[in-house]
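User: Please take me through this structure. I want to know what earns each label.

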Amino acid sequence: MEIKHKLFWIALMLVALLSTGTLGYIFIEGWRPLDALYMTVITVATIGYGELKPLSDAGREFTMAIIVMGVGFFAYSINVLTEAAVEGRIKDIFNQRRMQKAISKLENHFIICGCGRIGRTILEMLLREGIPAVVIESNATVISELEEAGYLVIVGDATSEEVLQHAGISRARGIVCAAIGCRQCLYYPDGPPVESLGFYNSQGQ
């Protein structure tokens, strides 16, 4: 079962547990709905405030059942949330390795430094022409969008030699600097020939 489905079931289970507890106290103890809900919440949360009102034997047995169900609910919830965190991290690591492997195989590609409006336009233009390209980007939102779209992305600073090496600058056909402050990457010593380089400011010039 996918994590999102499990999270849906957690929400559904919580609603069912609170509803069961509230209705139980109403019918067993004859409490007002608000009192019944309050008692259910503090019981499920195992806060330990004690009985809101004196309970009958049936009410105490019902309370014990709610406590057991509450402990089970929280144990399951913690397990699902932990699984989601671990699975998400493993997925990120797998995607990063897969992407780096794909980038390491690129030759005669373009490196696009910064993928705002201008960088995205150039990226799509290159890919339409069948020219491989990899993006260097530091904006988390942009990185997420590019990864979801299936583009090759390296997270980092385009002026860093290490980042440029990861992007395969020694094998690249050209560099497109579409981010403010990355012009110095045009003069990387192991980069492609000068005629294949380009600098674009926010006006696309």
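Analyst: Start with exposure: buried means under 20% relative accessible area, exposed over 50%, and partly exposed in between (1.4 Å probe, protein chains only). The model is predicted, so local features need pLDDT of at least 70, side-chain atom pairs need 80 or more, and totals for chains, interfaces and linings use all residues. Numbering starts from 1 along each chain as its sequence is written, and side-chain values use heavy atoms, without hydrogens or water.

User: Why does Lys-53 count as partly exposed?

Analyst: Lys-53 has a relative accessibility of 34%. That value falls between 20% and 50%, so Lys-53 is partly exposed.

User: What makes Asp-35 buried?

Analyst: Its value is 12%. That is under 20%, so Asp-35 is buried.

User: How do you know that Lys-53 forms a salt bridge with Asp-35?

Analyst: A salt bridge needs a side-chain nitrogen of Lys or Arg within 4 Å of a carboxyl oxygen of Asp or Glu. For Lys-53 and Asp-35, the closest N and O atoms are 3.3 Å apart. That is within 4 Å, so the pair qualifies. Lys-53 sits in the loop between helix 2 (33-44) and helix 3 (57-104), while Asp-35 sits in helix 2, so the pair ties together parts that are 18 residues apart in sequence. Helices (H or I, at least four residues) and strands (E, at least two) are DSSP runs, numbered from the N terminus.

User: Why can such side chains pair at all?

Analyst: Side chains of opposite charge can pair when their charged atoms come close.

User: What makes Arg-32, Asp-35 and Lys-53 a network?

Analyst: Salt bridges link these three residues. Asp-35 also meets Arg-32, with N to O at 3.2 Å. That distance passes the 4 Å cut-off too, so Arg-32 and Asp-35 form a salt bridge.

User: How many salt bridges does the whole structure hold?

Analyst: The search finds 3. One of them joins Arg-120 and Glu-124, with the closest N and O atoms 3.3 Å apart. The two residues are 4 apart in helix 4 (residues 117-128), so about one helical turn separates them. Arg-120 has a relative accessible area of 23%, which makes it partly exposed. Glu-124, at 30%, is partly exposed as well.

User: Why is strand 2 described as mostly covered?

Analyst: Strand 2 spans residues 133-137, and 5 of its 5 residues are buried. Ala-133, Val-135 and Glu-137 point one way. Val-134 and Ile-136 point the other way. Residues on both sides are buried.

User: How do you know that strand 1 is joined to strand 2?

Analyst: Two strands pair if DSSP finds at least two bridges between them. Strand 1 (residues 110-113) has 4 bridges to strand 2. That meets the rule, so they pair. The two run parallel. Ile-111 stands opposite Val-134 of strand 2.

User: What joins strand 2 to strand 3?

Analyst: There are 3 bridges between strand 2 and strand 3 (residues 153-155). This also satisfies the two-bridge rule, so strand 2 and strand 3 pair. They run parallel. The bridge partner of Glu-137 in strand 3 is Val-155.

User: How many aromatic pairs are there?

Analyst: The count is 4. Rings of Phe, Tyr and Trp (its six-membered ring) pair if their centres lie within 6.5 Å; planes under 30 degrees apart are stacked, over 60 edge-to-face, and the rest tilted.

User: Why is the pair of Tyr-25 and Trp-31 called stacked?

Analyst: The centres of Tyr-25 and Trp-31 are 5.3 Å apart, with 10° between the planes. The distance is within 6.5 Å and the angle is under 30 degrees, so the pair is stacked. Tyr-25 is buried at 1% relative accessibility. Trp-31 is buried at 7%.

User: What makes the pair of Phe-73 and Phe-74 edge-to-face?

Analyst: Here the centres are 5.3 Å apart and the planes meet at 70°. The angle is over 60 degrees, so Phe-73 and Phe-74 are edge-to-face. Phe-73 is buried at 6%, whereas Phe-74 is partly exposed at 38%.

User: Which residues form one aromatic cluster?

Analyst: Tyr-25, Trp-31 and Phe-62 do.

User: Why is Phe-8 called exposed?

Analyst: Phe-8 lies in helix 1. Its relative accessible area is 52%. That is over 50%, so Phe-8 counts as exposed.
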